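Welcome, and let us take a walk through this structure together. Keep the sequence and the model side by side as you read.

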Amino acid sequence: MTDTEYMDRAEAALAAIEQACDRINDATDADIDNQRVGGMITMSFQNGSQLIVNLQKPLHEIWLAARSGGYHYRHDGRVWVDTKTGEEFFSNLSREATLQAGLPLVFAAA
């Protein structure tokens with residue numbers, strides 16, 4: 001994957017996260033405070049916990065930091081997959097956000 005392809009796919013993922021946070025905040029009581037600075041989104045939850053999604057441009061990866069640990073994702077041509085488990089990024093993000101918020105939340109690619 002070229003640097004340009006990576007940035008296009010990674011930026012689309014960040015935009016999908018931002019849109020999902022807006023949709024979730026409109027439809028639920030989750031009240032996710034999401035802030036983006038460059039290639040990083042910090043999602044803060046009512047209980048004080050956070051999820052951090054960060055672009056790793058030199059590696060062509062997206063990283064997710066959660067209470068359960070850190071995850072690294074590479075694009076396989078279709079979706080972002082965890083480099084260790086093969087789990088899809090938005091599925092893992094949904095699971096981690098659900099744990100943080102205490103109610104079912106769904107994140108998906110746009």
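A good place to begin is Glu-11, which touches Arg-36 and Leu-55 when residues up to four places away in sequence are not counted. Please bear in mind throughout that this is a predicted model. Glu-11 has its place in helix H1. Along the chain, Glu-11 and Leu-55 are 44 residues apart, and their C-alpha atoms are separated by 8.8 Å. Is Glu-11 buried, exposed or something in between? Its relative accessible area is 29%, and because buried means under 20% and exposed over 50%, Glu-11 is partly exposed.

One step along the chain sits Ala-10, which also belongs to helix H1. Ala-10 counts as buried, with a relative accessibility of 0%. Leaving aside neighbours within four places in sequence, the contacts of Ala-10 are Leu-55, Ile-62 and Trp-80. To get a feeling for distance, find Asn-47 as well: Ala-10 and Asn-47 lie 37 residues apart in sequence, and in space their C-alpha atoms are 28 Å apart.

Now look at the whole of H1. This helix has 25 residues and reaches 36 Å from its first C-alpha to its last, close to the 36 Å expected at 1.5 Å a residue. Which residues of H1 are buried? They are Tyr-6, Ala-10, Ala-13, Leu-14, Ala-16, Ile-17, Ala-20, Cys-21 and Ile-24. The cover over these buried residues includes strand S1 (33-37), S2, S3, S4, strand S6 (80-82) and H2.

The other helix to visit is H2, with 13 residues and a reach of 18 Å from first C-alpha to last, close to the 18 Å expected at 1.5 Å a residue. Its buried residues are Phe-89, Phe-90, Asn-92, Leu-93, Ser-94, Glu-96, Ala-97 and Gln-100. Among the elements that cover them are H1, S2, S3, S4, S5 and S6.

From the helices we can move to the nonpolar core. The largest one has 29 residues, and those with the most contacts inside it are Ile-17, Met-43, Phe-89, Leu-93 and Phe-107. At least two residues of this core come from each of helix H1 (3-27), strand S2 (40-44), strand S3 (50-56), strand S4 (61-66), strand S5 (69-75) and helix H2 (89-101). Which element supplies the largest share? That is H1, with nine residues. Met-43 is a helpful residue to click on here: not counting residues up to four places away in sequence, Met-43 touches Ile-17, Cys-21, Ile-32, Asp-33, Asn-34, Ser-49, Gln-50, Leu-51, Val-53, Leu-93 and Phe-107.

Next, turn to strand S4, where Glu-61 has its place. Glu-61 is buried, with a relative accessible area of 3%. With residues up to four places away in sequence not counted, Glu-61 touches Tyr-6, Asn-54, Leu-55, Gln-56, His-72, Tyr-73, Arg-74, Trp-80 and Thr-83. Trp-80, which we met as a contact of Ala-10, is found in strand S6. Trp-80 is buried as well, at a relative accessible area of 4%. Trp-80 and Gly-69 are 11 residues apart in sequence, while their C-alpha atoms are 17 Å apart in space.

Trp-80 also leads us to the largest pocket, since its lining residues are Arg-9, Ala-12, Ala-13, Ala-16, His-75, Arg-78, Val-79, Trp-80, Glu-88, Phe-90, Ala-109 and Ala-110. The volume of this pocket is about 150 Å³. H1 gives the most to the lining, with four residues. By class, the lining holds eight nonpolar, one polar and three charged residues.

Our last stop is the backbone. Most residues other than glycine have a negative phi. Where does this model depart from that pattern? Asp-31, which is not a glycine, has a positive phi of about 50°. Asp-31 lies in the loop between H1 and S1 and counts as partly exposed, at 48% relative accessibility. His-60 also has a positive phi, near 60°. His-60 is found in the loop between S3 and S4, and at 16% relative accessibility it counts as buried.

Terms used:
Residues are numbered from 1 along each chain as its sequence is written. This is a predicted model: local features need pLDDT of at least 70, side-chain atom pairs count only at pLDDT 80 or more; totals for chains, interfaces and linings use all residues. Side-chain values use heavy atoms; hydrogens and water are left out. A nonpolar core is a set of buried Ala, Val, Leu, Ile, Met, Phe, Trp, Tyr and Cys residues joined through side-chain atoms within 4.5 Å. Buried means under 20% relative accessible area, exposed over 50%, partly exposed in between (1.4 Å probe, protein chains only). Contact means heavy atoms within 4.5 Å. On a 1 Å grid over the protein atoms alone, a cavity is a set of points where a 1.4 Å probe fits but cannot get out, and a pocket is an open set with protein on both sides within 12 Å along at least five of seven lines; lining residues have an atom within 4 Å of a point. Grid points are joined across faces, edges and corners, and a volume is the space filled by probe spheres set on the points. Ala, Val, Leu, Ile, Met, Phe, Trp, Tyr, Cys and Pro count as nonpolar, Asp, Glu, Lys and Arg as charged, and the others, Gly among them, as polar. The expected span of a helix is 1.5 Å times one less than its number of residues.
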